[in-house]
Amino acid sequence: MSKQLIPAGGLVVSCQALEDEPLHGSSHMAAMARAAKQAGAVGIRANSLADIRAIKAAVELPVIGLLKRQVEGYDVFITPTVEDAEAAAAAGADIVAIDATSRPRPDGKTLEETLALLGRRGIAVMADVSTYEEGLQAAGWGAEYVSTTLCGYTAATAATVLPNLDLVRRLAEQLDVQVVAEGGIYDPAQAATALQLGADFVVVGSAITRPQWIASRYVAAMQQVAEGRQSET
């Protein structure tokens, strides 16, 4: 059933705001989710139990839920434990996104053990990976979705230019599970290319839901012109 939750070729909008950002708060994220639905989005990605609950109440769209939690001594922070994944599912997440890299997990469980436990509990998992090898591994251990979310955000991939659409292509050519393009997709053409390369659907966050980041790109581009004019006078 979970494999049909997100329609093929659709856009999932990541409605998240950090604590120091103006739109932080569940009411803001629920409004953002409503705007995304009006635009034609087919799903929402949400962080925190409060946001998951608020968005589920606001829109009739499947929600990919996660908990971002920093644990001292560990690099894994997207739904780092089995307990976190269970909490996200209990809050209403239809799919739970977890860090599916090979890095140690704070609850001491391996990724294989984590996926097995969540599978037995009927929780559909989106494996956020950073490399091709991690994607193959997560799918082999039972993840129902494999997403390129963490490419560029691990030590092994820090130098990668995003979006890594070649990673999307390679995973789509190899895997039978749904492959998701996410990470560094900043314009519609990139999202369309991801689908052409085999992504089942695309997740876009910052380019849609972080106005301070969007505005900063305009400011930076215009500032270059302004500074050029000043140097000419």
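Start by selecting serine 14: its bridge partner in β2 is arginine 45. You are looking at a predicted model, so keep that in mind at each stop.

**Stop 1: the barrel**

Serine 14 and arginine 45 belong to a pairing in which β1 and β2 run parallel, joined by 4 bridges. Now colour the strands and follow them around: β1-β2-β3-β4-β5-β6-β7-β8 form a closed barrel of 8 strands with parallel pairing. Neighbouring strands of this sheet are turned by 25° against each other on average, direction ignored.

**Stop 2: strand β2**

Stay with β2 and show its side chains. In a regular strand the side chains alternate between the two faces of the sheet. Here Gly43, Arg45 and Asn47 point one way, while Ile44 and Ala46 point the other way, and all are buried. Why is β2 largely enclosed by the rest of the structure? Because 5 of the 5 residues of β2 are buried.

Step just past the strand to serine 48, in the loop between β2 and α2. Its phi is near 95°, a positive value in a residue other than glycine. Serine 48 counts as partly exposed, with a relative accessible area of 23%.

**Stop 3: helix α2 and the cores**

Next, select residues 49–58. This is helix α2, which lies across β1 (11–15), β2 (43–47) and β3 (63–66) and runs at about 165° to β3.

Pick out isoleucine 55 and show what surrounds it. Leaving aside residues up to four places away in sequence, isoleucine 55 touches Cys15, Met29, Ala30, Ala33, Ile44, Ala46 and Val63. The largest nonpolar core has 42 residues, and Cys15, Ile44 and Ile55 are those with the most contacts inside it. Apart from that core lies another, of 15 residues, including Ile6, Ile78, Ile95 and Ala124. In soluble globular proteins, nonpolar side chains tend to be buried together.

**Stop 4: β3, β4 and a turn at threonine 79**

Move to β3 and β4, which pair in the parallel sense over 2 bridges. Glycine 65 stands opposite valine 96 in β4. Select residues 95–99 to see strand β4; 5 of its 5 residues are buried, so the strand is largely enclosed by the rest of the structure. Ile95, Ala97 and Asp99 lie on one side of β4, with Val96 and Ile98 on the other.

Then find threonine 79 in the loop between β3 and α3 (82–90). Is threonine 79 buried or exposed? Threonine 79 is buried, with a relative accessible area of 0%. Its phi is near 45°, a positive value in a residue other than glycine.

**Stop 5: strand β7 and its neighbours**

Select residues 178–182 for strand β7. On one flank, β6 and β7 pair in the parallel sense over 3 bridges, and the bridge partner of tyrosine 145 in β7 is glutamine 178. β7 is also joined by 3 bridges to strand β8 (residues 201–204), and these two run parallel. There, valine 180 stands opposite phenylalanine 201 in β8.

Show the side chains of β7: Gln178, Val180 and Glu182 point one way, Val179 and Ala181 the other way, and all are buried.

**Stop 6: the pocket**

Which residues lie nearest the centre of the largest pocket? Select Ser14, Lys68, Tyr153, Glu182 and Ser206 to find them among the 27 residues of its lining. The pocket has a volume of about 620 Å³. The elements giving two or more residues to its lining are β2, β8 and α8 (206–209). Of these, α8 gives the most, with 3 residues.

**Stop 7: the cavity and the loop before α6**

The largest cavity holds about 40 Å³ of space. Its lining includes Thr148, Cys151, Leu162, Pro163, Ala181 and Glu182, and α6 (165–174) and β7 each supply at least two of the lining residues.

Zoom in on leucine 162 and proline 163, which are joined by a cis peptide bond with omega about 0°. Proline 163 lies in the loop between β6 and α6.

Finish with threonine 160, whose place is in the loop between β6 (145–147) and α6. Threonine 160 is partly exposed, with a relative accessible area of 27%. For a last distance check, draw a line from the C-alpha of threonine 160 to that of glutamate 72: the two are 88 residues apart in sequence and 26 Å apart in space.

Terms used: Residues are numbered from 1 along each chain as its sequence is written. This is a predicted model: local features need pLDDT of at least 70, side-chain atom pairs count only at pLDDT 80 or more; totals for chains, interfaces and linings use all residues. Side-chain values use heavy atoms; hydrogens and water are left out. Two strands pair if DSSP finds at least two bridges between them. Axes are lines fitted to C-alpha atoms, for helices over the stretch in contact, and angles run from 0 to 180 degrees between N-to-C directions. Contact means heavy atoms within 4.5 Å. A nonpolar core is a set of buried Ala, Val, Leu, Ile, Met, Phe, Trp, Tyr and Cys residues joined through side-chain atoms within 4.5 Å. Buried means under 20% relative accessible area, exposed over 50%, partly exposed in between (1.4 Å probe, protein chains only). On a 1 Å grid over the protein atoms alone, a cavity is a set of points where a 1.4 Å probe fits but cannot get out, and a pocket is an open set with protein on both sides within 12 Å along at least five of seven lines; lining residues have an atom within 4 Å of a point. Grid points are joined across faces, edges and corners, and a volume is the space filled by probe spheres set on the points.
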